[in-house]
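Please consider the sequence and the three-dimensional structure shown here. The explanation proceeds through the strands, the helices, the interior spaces and the backbone.

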Amino acid sequence: MAFLSKILLLILHLVLLAQPAHAAYLHLTPRPLRSQFANLASSAAVSGPSRLTRQGSQLYADGKVFRFVNYNAPSLILNADENSGFRVPNLWDVKDTIESVAGMWNPVVRTYTFGIKSDFASGPDFHVRGCRQYNEAAFRVLDYTLDLAAKYGVRLIIPIVNNDWLRSNGTSDPSLDYVGNWGDFAYLCTGNRSWESFFLNPFVISAFKDFLTYLLTRVNTINGKVYANDTSFAILETGNELGSWDQRGPPGTWTHEIARHVKSLAPRILVADGTLIGADSRRIKTQSLNSPYVDLFSNHFYDDGNTDVRRLRNDLKVVNGAGKAYFIGEFGLSNLSTYQTILSAIISSKTTGALIWSLRSHSYRGGFYIHSENGGHWSYHVPGFPAREPGFGTEETSVVKMIYNSSFTINGLGTKLFPAPKTAPEMLDAVNGGVLMWKGSAWAGQYEVQSSTSPNSTTWITLSNTIKDNVPFGTPIFRDPIGSPNSTYFYRVRGGAGSSETLTAWSNVIGPVPGPPAVPGGFKQMFSSQIVVSYSPDGVRRYFSESRDTWGAMISTTGDTWSFQLVTANGWAIRNEWSRQCVYHKTATTTHIDLTPQGANCQDYGLWKLNVVSGTTTVTGIEAADGSGYCVDTNGQTADGAVMSIQPCGRVAAAQVQRFDIPGAN
């Protein structure tokens with residue numbers, strides 16, 4: 001009977017491979033994604049990196065032991081860093097991420113899990129839209145990712161499903177409902193999020209296998225490869241942090257059965273047990289450890305370094321002792337010294353590799369994506385940049401260099417200079433010469449910007465050749481320091497590595513662009529500052545602030561930092577540095593001050609005038625630039641967190657209640 005079952009499974013596999021791409025599955029394709037593929041032509045299949053294999057406790061490629069140090073890139077499958085819910089990434093962002101990780105030796109990158117529709121998480125672009133219902137558009141982005149990875153020789157580790165962090169009573173906690181978790185998958189099929197529903201219910205297990213069948217038998221729409229045969233799809237992890245640190249992990253029988261199903265469809269893809277080992281290697285299930293279908297086990301290190309090293313040694317005894325490979329799927333959220341301790345132990349052991357948490361790419365809107373973690377840790381960006389709030393931590397330069405060097409050291413090689421940037425930057429349309437942004441080049445440490453009065457001129461003036469683009473996405477990178485408000489200019493940019501003389505090609509040319517606007521009141525064209533309410537009836541110092549709960553504008557005893565950008569001759573965008581939202585008022589008759597949607601273009605919602613009274617650091621009013629005559633007003637309120645409004649600028653006592661200080665503005 002077992003033999004007959006194998007024959008039937010083989011026949012089913014062959015039938016699926018012979019069908020047009022997934023004719024048997026229900027696809028839901030949201031309209032917003034289709035435009036990304038309009039100019040994406042099919043390409044000839046690239047062979048990609050050589051196939052990874054396992055021999056005992058080691059991985060091999062081309063007959064040599066294969067080891068790696070690189071990054072987790074959680075936005076490579078779903079991007080939540082545009083502040084608009086979970087979205088499949090822009091294809092340009094995917095390319096920048098792949099080029100970033102490809103700079104390491106033996107490049108391997110670990111993605112986050114697939115997206116699963118949830119009542120708790122926003123976003124229309126999940127890969128799993130219902131029980132046995134899959135989102136074709138989201139998977140077309142993965143087609144592009146795998147095709148690009150093959151061209152750059154990058155191998156992917158993809159966790160299938162996320163853990164569901166439960167309350168102590170076993171129920172789901174919406175505040176801990178991380179994207180793509182097994183509770184959401186079970187709920188789509190049964191209306192029940194329980195552990196038993198996902199790991200023990202035969203109907204849900206069958207549906208989960210159906211998803212794996214869809215995934216592994218998928219034919220890439222760009223290069224025609226079946227996912228199961230794609231060498232860039234190197235390791236499939238049964239989950240991310242399954243069982244968390246102290247909860248019930250998946251049964252060993254479940255892991256064995258899921259791995260068996262994967263191997264039946266993709267025998268050359270390596271399977272990793274996604275159970276989080278945590279502090280106790282006894283959490284590794286015997287059935288999984290002894291399964292012929294499970295190749296690797298991993299742990300995540302977020303402790304003090306020395307504790308992590310002790311866990312590493314204990315884990316290796318168990319995993320290597322069973323003849324299986326072991327890697328560190330995540331480590332991070334600490335400091336350089338801790339990372340050095342962990343990596344030193346990893347390199348000197350038989351650990352296959354390690355991936356730090358986490359990398360963010362350039363954005364197609366200019367600048368970089370930034371991501372804040374608990375403890376004030378920021379994501380990393382290659383080739384590493386000086387500290388700059390928000391988004392760029394104090395140790396980024398040292399950590400990025402350490403990760404790069406370790407990718408060579410773990411393979412017994414000497415370190416090298418950073419790779420030179422290859423892809424030319426791309427200038428974005430500019431309102432004026434004071435607002436210049438571009439799509440950056442992976443591994444570019446600095447840029448050269450030139451201007452000219454003609455697009456075909458042989459005479460270009462270098463405005464600067466030491467510009468860094470370490471700014472949050474959508475933020476101006478550079479302003480023309482010499483342009484005249486009464487002239488028009490053309491601009492171009494090229495990238496270079498801080499450690500080599502190699503430069504990219506020049507970008508596209510933009511223009512004609514009006515010169516930078518004249519700056520009223522002696523302010524800079526762009527600056528960051530707090531906005532202080534200079535008059536308060538009770539004498540308590542208060543600030544222009546933002547409510548973290550309601551995303552509204554208010555006054556508070558806790559101040560926020562705001563970035564000011566002169567967009568027009570007398571029109572300022574005022575953006576919150578924390579949330580990347582701008583303050584605006586909807587109409588002249590609306591008294592409520594609001595904040596733009598996260599990631600929105602601020603100038604589409606209305607700009608402000610700064611009416612100066614004394615020097616360059618005090619204004620009488622932050623006035624709407626639309627000529628309506630309305631100003632920001634505190635209404636003399638003294639309660640912390642009081643909501644601000646907009647009132648006629650000339651109303652009684654305006655000189656008192658509508659006065660704000662902007663320290664350090666000049």
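The following paragraphs describe a predicted model, beginning with its sheets.

One sheet is open and consists of 8 strands, arranged in the order β5-β14-β13-β12-β11-β10-β9-β6 with parallel pairing. At its edges stand β5, residues 68-71, and β6, residues 108-110, each of which pairs on one side only. From one strand to the next, the twist averages 25 degrees.

Within this parallel sheet, the pairing of β12 with β13 can be followed in detail. Strand β12 spans residues 296-301 and strand β13 spans residues 325-332; the two run parallel and are joined by 6 bridges. A residue pair that may be located here is serine 298, which stands opposite phenylalanine 327 of β13. Helix α10, residues 306-321, packs on the sheet and touches both β12 and β13. The direction of helix α10 makes about 155 degrees with that of β13.

Another helix may be examined against the strands of this sheet. Helix α8, residues 252-265, lies across β10 (233-237) and β11 (270-273). Relative to β11, helix α8 runs at about 165 degrees.

A further open sheet has 3 strands in the order β2-β3-β4, and here the pairing is antiparallel. Strands β2 (53-55) and β4 (64-65) are at the edges and have a single partner strand each, so one side of each lacks a neighbour in the sheet. Strand β3, residues 58-61, is joined to β4 by 2 bridges, the two strands running antiparallel. In this pairing, tyrosine 60 stands opposite valine 65 of β4.

The interior is considered next. How many cavities of 30 Å³ or more does the count give? The count comes to 3 cavities. The largest cavity has a volume of about 90 Å³. Its lining includes Ala73, Ser75, Leu76 and Asn79, together with Pro89, Asp93, Val94 and Thr97. Leu359, Arg360, Ser361 and Tyr369 also line the largest cavity. By class, this lining comprises 6 nonpolar, 4 polar and 2 charged residues.

The second largest cavity has a volume of about 40 Å³. Among the residues that line the second largest cavity are Leu333, Ser334, Tyr339, Trp357 and Ser358. Glu373, His377, Trp378, Ser379 and Tyr380 are also part of that lining. The classes here are 5 nonpolar, 4 polar and 1 charged residues.

Covalent links between side chains form a further topic. The structure holds 3 disulfides, one of which is formed by cysteine 131 and cysteine 189, with sulfur atoms 2.1 Å apart. This link is right-handed, with 95 degrees about the S-S bond. Which parts of the chain does the pair tie together? Cysteine 131 lies in the loop between β7 (128-130) and β8 (133-134), whereas cysteine 189 belongs to helix α5 (residues 182-190), so the disulfide ties together parts that are 58 residues apart in sequence.

The backbone itself also merits inspection. Most peptide bonds are trans, and most residues other than glycine have a negative phi. A cis peptide bond, however, joins valine 382 and proline 383, with omega of about 5 degrees. Proline 383 is placed in the loop between β16 (377-378) and α12 (396-409). Glycine 511 and proline 512 are likewise joined by a cis peptide bond, with omega of about 0 degrees. Proline 512 lies in a strand, β22, which covers residues 510-514.

Finally, the phi angle of asparagine 106 deserves attention. Asparagine 106 has a positive phi of about 50 degrees although it is not a glycine. Asparagine 106 is located in the loop between α3 (91-101) and β6, and β6 is an edge strand of the parallel sheet described above.

Conventions
Residues numbered from 1 in each chain as written. Predicted model: local features only at pLDDT ≥ 70, side-chain atom pairs only at ≥ 80, totals over all residues. Heavy atoms only, no water. Pairing = 2+ DSSP bridges. Helix = DSSP H or I, 4+ residues; strand = E, 2+ residues; numbered from the N terminus. Axes fitted to C-alpha atoms, helices over the stretch in contact; angles between N-to-C directions. Contact = heavy atoms within 4.5 Å. 1 Å grid on protein atoms, 1.4 Å probe; cavity = no way out; pocket = protein on both sides within 12 Å on 5 of 7 lines; lining within 4 Å. Points joined across faces, edges and corners; volume = space filled by probe spheres on them. Nonpolar A, V, L, I, M, F, W, Y, C, P; charged D, E, K, R; others polar. Disulfide = S-S within 2.5 Å.
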